[in-house]
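This report describes the pockets of one protein model and the surroundings of its ligand. The sequence and structure are shown first, and the description follows.

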Amino acid sequence: MRPTTLSIAAFQDQRAGTSGLRQSVARFSQPHYVAAFVQAVFDVLGHVRGKTLLLAGDGRYFSDEARAIIINMAITQGAAKIYLGKDGLMSTPAASFLIRELGADFGLLLTASHNPGGVKGDFGIKLNLKHGEPAPEAVTEAIYQRACQLDSYHISEAFIMPSLQECGHTVLAGTEIEVIDSCALYADLCARLFDLDAIAAFLKKKPMLFDAMHGVTGPYALELFHRRLGLPREYLLNLEPLPDFGGRAPDPNPHNLPDLAAALQQYGERVCLGAASDGDGDRYLIWGRDGFVSPCDSLALIAANAGRIPCLRGRLRGVARSFPTSRALDIVAAHLNILCYETPTGWKFFANLLDHNLVQLCGEESFGMGGNHVREKDGLWAILCWLNILAVSGESVDELLAKHWAIFGRHHFARFDYIDLEPEAARTMLEDFSRKLDSFIGYREGDLTITNAGNFNYRDPLNHSLTPNQGIQLLFGERARIMCRLSGTGTTGATLRIYTEFWQQDVEKPLPKPEPTTMLAIMAEGMLNLKHYCGRQQADAIT
Ligand code: VG1
Ligand code: CO
C-alpha cells in the first residue's frame, strides 16, 4: 500500500437525514464522494488512528466499492482494528449490538434501509457511535460542515481488499481485520432475551411465515428461525440478500410483500402469523388473519403484554414513541403507571433515554420497535416479542388485538404520503401553515374540535438540548390528531407525510362515517392548501 493525499473540490450535499446520509447510487458513485464523507467522519470524530471501527451493511448495490474505500482509508490513517460481517453483511440492530459488545469506537453501516437498491436505486451510510447509537444531530451537522470545507483526503494506492467469505483474522499494514459471524452472535443475544424453547415448541404446532425481502435478515432468519427454532425452510421467503432486493423496495409494508401475502393465503389457519423485515433489518411487519397489525397498536400491545416477554417482564419503567406514532401507547403507559416520552421521528432521539434506562421499549409508526438491548430499532426482536406472547398466551394475533382494543379502545391510524413534491413549494406550504396554526384552534368538524395546534419541538429530558420544528400537530383533545412533516430519507424531491389518528374508545360502537382517518387527512389537505402549493389532491401511498 502506498499512502497518498488526494485533493478534491468539497461536496456540499452530505447532510444526513432522519437516518444517515442517503443519496442515489449515481451520486454516491461520483469520484471521491464516499471518500470525502468518510474523511469528514474521521475528522469530526477526532481521527481514526488507534481506533476500532465496525463496518456493517445490507449488501445493496455499490456496497463492495464503498467498503473497499472505507477499509483502505481506515488502514491508511492508522486504525487499530476493523470488524466486518461475513460476506460483508451485518444488520443495523446487530451492528448496534456488536459495536458495544466488541468495544468498537464507532460503526459505519452501508445501507439506505427501506429505500430501493440497484444501479438506479439508493445507497447510504449510517454512523453509529460507541454505545451503538445513531450519531446525534450535533455530530452529523459537524460532519456536513466539515465535508463542505474538505479539500483533500488520505488513501493508499495498490490496496488489495481482504476476503470476507470466511470468518477469521488478518493483519493489513498494521491494522487487524476480523471477519465475524454476526448472525450467530445476534442469535445468542436473542437466546438471552426470549424463551426460545417455548417459541420453538409453539412454532412446531403453528409455524410462522417470514419474508426477508432479499435484505440482510435472510442469513439471520436461517440461523435464528430455522437452526435455533426449528422452523422448516419452506416457511422462510426471499432469504437470499440481493444487491437490488429483487427489484422491490425492501420496505415491509403490505404493498411490497406479494409473496408473503400469497403464502399467507395458501397456508391459511396452519400458520400463526406472517412477518417481514426491511433491507437493513431494523423494521418489521406482523400480519395476522385479519390483516397487518398497525405498528402503533403493535407497540402498545407489546407494552401491555410485557409480562409475557422475558426481557421486558417486570422491567418497564418508561416507554417512548415518535410524535407521529399514535397515542395507543400513552393509554397503556398510564394504565401501567409509567412514563411515556414523545420524541421527534428517528431512532437517535431514543438513544439517550435508553442509555439512562428511562425507557425500556420504544417505537415508531413506520414499522420500527426496539428495547434497551441495542440502540436501534430491531425487526427480528419485535417479531420474537410477538412469538413469545403467542407462545405463552395461546391466543392468536387477532384475539390479542381484539382484547387489547376492548380494554384500551382502538387508535385508528393512517399515514398518507405525497411523493416527489417540489421541495421549495412543500417547505413554503408548511411554513405558511405553521404561521396560521393559531387560527385553527376551536375549528369543528362533526363532534371533533381542534383544541391545540403547534410545531413539535423536542427538549431532551437529560441533556436539555432543544430540537425545534420537527413537524406540525393539531390535537382534537384526546380523541384525534393530525400530524404532518417532510420525510428525511428520500433522495428525490420532497415527500410530505400526513398522519392521522382517531381514538375509538368503545369498540362496540360503530366508527363514525366517513371513516375518520381519511376524513382527517382530507381536512389536513385542505388546511395545508396542498393543491394550491403543490398541485396535489391525492396521496401517492397510504399505509
Ligand atoms: C422514515 C420513518 C422514520 C424512521 C426512518 C429511518 O423517516 O418515517 O420513522 O426512523 O425512516 O428508518 P422519514 O424521515 O422518511 O419519515 V430506516 O428503517 O430507514 O433506518
Ligand atoms: Co431500516
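## Pockets and ligand site

Ligand 1 occupies the space of the second largest pocket. The model is predicted, and the description below begins with the ligand before turning to the pockets.

**Surroundings of ligand 1**

Around ligand 1 there are 21 residues, and those that come nearest are Thr18, Ser113, Lys126, Thr489 and Arg497. By class, this shell contains eleven charged and ten polar residues, with no nonpolar residue.

Oxygen atoms of ligand 1 take part in polar contacts with the protein. Two of these contacts involve side chains: a polar side-chain atom of Glu364 is 2.7 Å from a ligand oxygen, and a polar side-chain atom of Ser19 is 3.3 Å from one. In the case of Gly488, a backbone N or O atom lies 2.6 Å from an oxygen atom of ligand 1.

**The second largest pocket**

The pocket that holds ligand 1 is the second largest, and its space amounts to about 910 Å³. It is lined by 44 residues, of which His114, Asn115, Asp251, Thr489 and Arg497 are the closest to its centre. Thr489 and Arg497 are also among the residues that come nearest to ligand 1.

Three strands, β6 (122-128), β19 (410-421) and β27, each give at least two residues to this lining. The largest share comes from β19, which supplies four residues.

**The largest pocket**

The largest pocket has a volume of about 1300 Å³. Its lining consists of 41 residues, and Gly17, Arg427, Leu486, Ser487 and Gly488 lie nearest its centre. Gly488 is also the residue whose backbone N or O atom lies 2.6 Å from an oxygen atom of ligand 1.

Elements that contribute two or more residues to this lining include the helices α5 (137-149), α12 (348-355) and α15 (423-436), together with the strands β2 (21-24), β26 (480-486) and β27 (494-504). Among the elements, α15 gives the most, with five residues. Strand β27 thus appears in the lining of the largest pocket and in that of the second largest pocket.

**Composition of the linings**

The table sets out the residue classes for each pocket.

| Pocket | Nonpolar | Polar | Charged |
|---|---|---|---|
| Largest pocket | eleven residues | 20 residues | ten residues |
| Second largest pocket | seven residues | 20 residues | 17 residues |

Methods. Residues numbered from 1 in each chain as written. Chains lettered and ligands numbered in written order. Predicted model: local features only at pLDDT ≥ 70, side-chain atom pairs only at ≥ 80, totals over all residues. Heavy atoms only, no water. Near = heavy atom within 4 Å. Polar contact = N/O pair within 3.5 Å; in protein donor to acceptor, adjacent residues only side chain to side chain. 1 Å grid on protein atoms, 1.4 Å probe; cavity = no way out; pocket = protein on both sides within 12 Å on 5 of 7 lines; lining within 4 Å. Sits in = over half its atoms within 2 Å of the grid points. Nonpolar A, V, L, I, M, F, W, Y, C, P; charged D, E, K, R; others polar. Points joined across faces, edges and corners; volume = space filled by probe spheres on them.
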